[in-house]
Amino acid sequence: MRVIVAEDSTLLREGLVRLLVDEGHDVIASVSDADALLDAVERDRPDVVVTDVRMPPDHSDEGLRAALTIRGRWPEVAVLVLSQYVENRYAAELISGSVGRVGYLLKDRVAQVDEFLDALNRVADGGTAFDPEVVRQLLSRTTRSNPLERLTPRERDVLELMAQGLTNARISADLYISVSSTEKHANAIFDKLGLANSSGVSRRVTAVVAYLRT
């Protein structure tokens, strides 16, 4: 796939480029700030952008704001955000603004090469990939008035893994339950969140969006 890498740390940027090239991907640009990232996306229209959160000039949230801009202007471009910390508001905004092609990983996850590459492929294929720690912190924000409180512990486990972008088969393997049990839990989640089975609307995505917005 055609990838743009945005990271202000030269060491990490070059390391990501080398990893992606070694995996057979075409890194069409590597940049160190958000403005250069947006210019490169507009010019080259990659399949995927891998971007850091903090970049010049202020080293605050420039990368995240660029990611949101990319999702708004070029929704066909997948975005995988890398961060040293969990920024709940932006993680929720990223996923709620689309039906997929987004991911948010903590940088420690990049050291787990197979997990990083799996997340990259998932977002490129139109799915989502959220770091388990991001999902856990989002889950901890729920309150008693939230409809997610109606879910059983097992249903919450299933929804947490949905939010990471896993398929029913992967969820079943991770929880050591059958695929049919996962499907039953998923349907129970949809029912408890009041999500009708409407044509053209993904209940799975809507459930994840509701989860991340809480």
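**Strands, helices and the annotated aspartate**

In this predicted model, strand E1 (residues 2–6) runs parallel to strand E2 (residues 26–31), and 5 bridges hold the pairing together. One of the contacts along that edge can be picked out by name: Val5 has Ser30 as its bridge partner in E2. To get from E1 to E2, the chain goes by way of helix H1 (residues 10–22), and the resulting β-α-β crossover is right-handed. E1 also pairs with E3, again in the parallel sense, this time over 4 bridges. Val5 turns up here too, with Val50 as its bridge partner in E3. So E1 has partners in both E2 and E3, and 4 of its 5 residues are buried, so the strand is largely enclosed by the rest of the structure.

Strand E3 (residues 48–52) is also where Asp52 sits. The UniProt record, an unreviewed entry, annotates Asp52 as a modified residue, 4-aspartylphosphate. In the model this residue has a relative accessibility of 5%, which is under the 20% cut-off, so Asp52 counts as buried. As for its surroundings, leaving aside residues up to four places away in sequence, Asp52 touches Ala6, Glu7 and Asp8, along with Gly63, Leu64, Leu82 and Lys107. Of these, Ala6 belongs to E1 (residues 2–6), and Leu82 falls within strand E4 (78–83).

Back to H1, the helix of the crossover. Its 13 residues should span 18 Å at 1.5 Å a residue, and the end C-alpha atoms are indeed 18 Å apart, so the two figures agree. Which residues of H1 are buried? They are Arg13, Leu16, Val17, Leu19 and Leu20. These cover an arc of only 165° around the axis, which means that they lie on the same side of H1. The other side of the helix has Leu11, Arg18 and Asp22, which are exposed. The cover over the buried residues comes from several elements, including E1, E2 and E3, as well as strand E4 and helix H5 (113–124). Just after the helix, Gly24 adopts a positive phi of about 95°.

Much further along the chain, helix H9 (residues 179–192) can be read in a similar way. For its 14 residues, 1.5 Å a residue gives an expected span of 20 Å, and the end C-alpha atoms are 20 Å apart, so expectation and model agree. The buried residues here are Thr182, Ala186, Ile189 and Phe190. They take up an arc of only 95° around the axis, and therefore sit on the same side of H9. Lys184 and Asp191 are exposed on the other side. A glycine with positive phi follows this helix as well: Gly194, just after H9, has a phi of about 70°.

Zooming out to the whole protein chain, the secondary structure comes to 10 helices and 6 strands. Buried residues account for 50% of the 214 residues. Among contacts with a separation of 6 or more, 64% are between residues 24 or more positions apart.

Note on methods: Residues are numbered from 1 along each chain as its sequence is written. This is a predicted model: local features need pLDDT of at least 70, side-chain atom pairs count only at pLDDT 80 or more; totals for chains, interfaces and linings use all residues. Side-chain values use heavy atoms; hydrogens and water are left out. UniProt positions are given in the numbering used here, feature names are shortened, and annotations may be inferred rather than shown by experiment. Helices (H or I, at least four residues) and strands (E, at least two) are DSSP runs, numbered from the N terminus. Buried means under 20% relative accessible area, exposed over 50%, partly exposed in between (1.4 Å probe, protein chains only). Contact means heavy atoms within 4.5 Å. Two strands pair if DSSP finds at least two bridges between them. A crossover is right-handed if, with the strands pointing away from the viewer, the path from the first strand over the helix to the second runs clockwise. The expected span of a helix is 1.5 Å times one less than its number of residues. The arc is that of the directions from the helix axis to the C-beta atoms.
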